[in-house]
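Trainee: I would like a close look at the cysteines in this model, please. After that, take me on to a strand and a pocket, at whatever pace suits you.

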Amino acid sequence: MAFIGLGVMGYPMAGHLQQSGHQVTVFNRSEHKALAWVDRYHGQCESTPAEAAEGADIVFLCVGNDDDVRSVCYGEYGVLASMRQGSVLVDHTTASAELARELHVRASGAGVGFLDAPVSGGQAGAESGALTVMVGGDEAVFTIAEPILQSYARCVRLLGPAGSGQLAKMANQICIAGIVQGLSEAMVFSQHAGLDVGAVIEVISRGAAQSWQMENRYQTMLAGEYEHGFAVDWMRKDLGMVLEQASRLGLELPVTELVDGYYAQVQSMGGGRWDTSSLFARMRAISDK
């Protein structure tokens, strides 16, 4: 099998595949990272996506955005140029539902199965093999890929036809944006009310206010540490797709639109590479004026 894209998510995901007993060939635009992966996991690397995908039963992608996906799939050096009939292409990139449907058509035309399969769980989930995988595609193709996806996932679910995985990931990002903003406001409120924020969080996390963000991020937020995974730049990319899709559906998402604007302010503070919990930095800056 092949894995294309060795970023903070793809690097450990490909490693889990190799450690699960699969023979994995990787490709990454920055060759030094591919060579480092080979040195660590003892797989193979190739110099183009097509070469990495040649002869593979399943090819996995985890790159940056729609344009990146097209660049590694299409053309003479793209994976579809060398994938054999009956093989499967799994795209873990968080991309648009439109691209997923496009790839489904293009892959089907080449006799290749396709799944859009964005993930949630961040870098920590990728490293621990505990990701959630939201999948769109045909059930027969999903049946082939599911046992292999379990190499780095704690939950894998087929949600509908091509594009459904990406739409579910959009719902995931809507929830995260609102939860992190609510947590940031609660922490700033507690501080200004003269409460011990840590004690407040410990109490309310045992009740209905509990969330993954609360349990895993409040201490680093209080410490002003925002180097824990998914970057604001990427979140804004995702929320942009969410709002575009909502417009197509004739929906208003006022909280999502508001929080996207707050993330834009974090970017203007120099926090584009901070993780998404950095909404608290914005709240602190405003409340301290």
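Mentor: Happy to! Let's start with Cys175, which counts as partly exposed, at 48% relative accessibility. Please keep in mind that this is a predicted model. As for pairing, a disulfide is a covalent bond between the sulfur atoms of two cysteines. The count here comes to 0 disulfides. Take Cys45: its nearest cysteine sulfur belongs to Cys62 and is 18 Å away, so Cys45 is in no disulfide, the cut-off being 2.5 Å. Cys45 is also partly exposed, because its relative accessible area of 24% falls between the 20% limit for buried and the 50% limit for exposed. Back at Cys175, the nearest cysteine sulfur is that of Cys155, 14 Å away, and Cys175 is likewise in no disulfide.

Now for the strand. In a regular strand the side chains alternate between the two faces of the sheet. Strand E4, residues 58-61, is covered on both faces. Ile58 and Phe60 are buried on one side, and Val59 and Leu61 are buried on the other. E4 also has partners to look at. Strand E1 (residues 2-4) runs parallel to E4 and is joined to it by 3 bridges; in that pairing, Ile4 stands opposite Leu61. Strand E5 (residues 88-91) pairs with E4 in the parallel sense too, over 4 bridges, and here Phe60 of E4 faces Val90 of E5. If you follow the chain from E4 through helix H4 (residues 66-73) to E5, you trace a right-handed β-α-β unit.

Last, the pocket. Rolling a probe the size of a water molecule over the atoms shows where empty space is left. The second largest pocket holds about 170 Å³ of space. The elements giving two or more residues to its lining are helix H1 (10-19), helix H2 (31-41) and helix H6 (122-128). H1 supplies the largest share of that lining, 4 residues. If you want to find the wall on screen, select Leu6, Gly7, Val8, Tyr11, Pro12, His16, Gln19, Lys33, Arg40, Tyr41, Gln123 and Glu127. By character, this lining divides into 5 nonpolar, 4 polar and 3 charged residues.

Note on methods:
Residues are numbered from 1 along each chain as its sequence is written. This is a predicted model: local features need pLDDT of at least 70, side-chain atom pairs count only at pLDDT 80 or more; totals for chains, interfaces and linings use all residues. Side-chain values use heavy atoms; hydrogens and water are left out. On a 1 Å grid over the protein atoms alone, a cavity is a set of points where a 1.4 Å probe fits but cannot get out, and a pocket is an open set with protein on both sides within 12 Å along at least five of seven lines; lining residues have an atom within 4 Å of a point. Grid points are joined across faces, edges and corners, and a volume is the space filled by probe spheres set on the points. Ala, Val, Leu, Ile, Met, Phe, Trp, Tyr, Cys and Pro count as nonpolar, Asp, Glu, Lys and Arg as charged, and the others, Gly among them, as polar. Buried means under 20% relative accessible area, exposed over 50%, partly exposed in between (1.4 Å probe, protein chains only). Two strands pair if DSSP finds at least two bridges between them. A crossover is right-handed if, with the strands pointing away from the viewer, the path from the first strand over the helix to the second runs clockwise.
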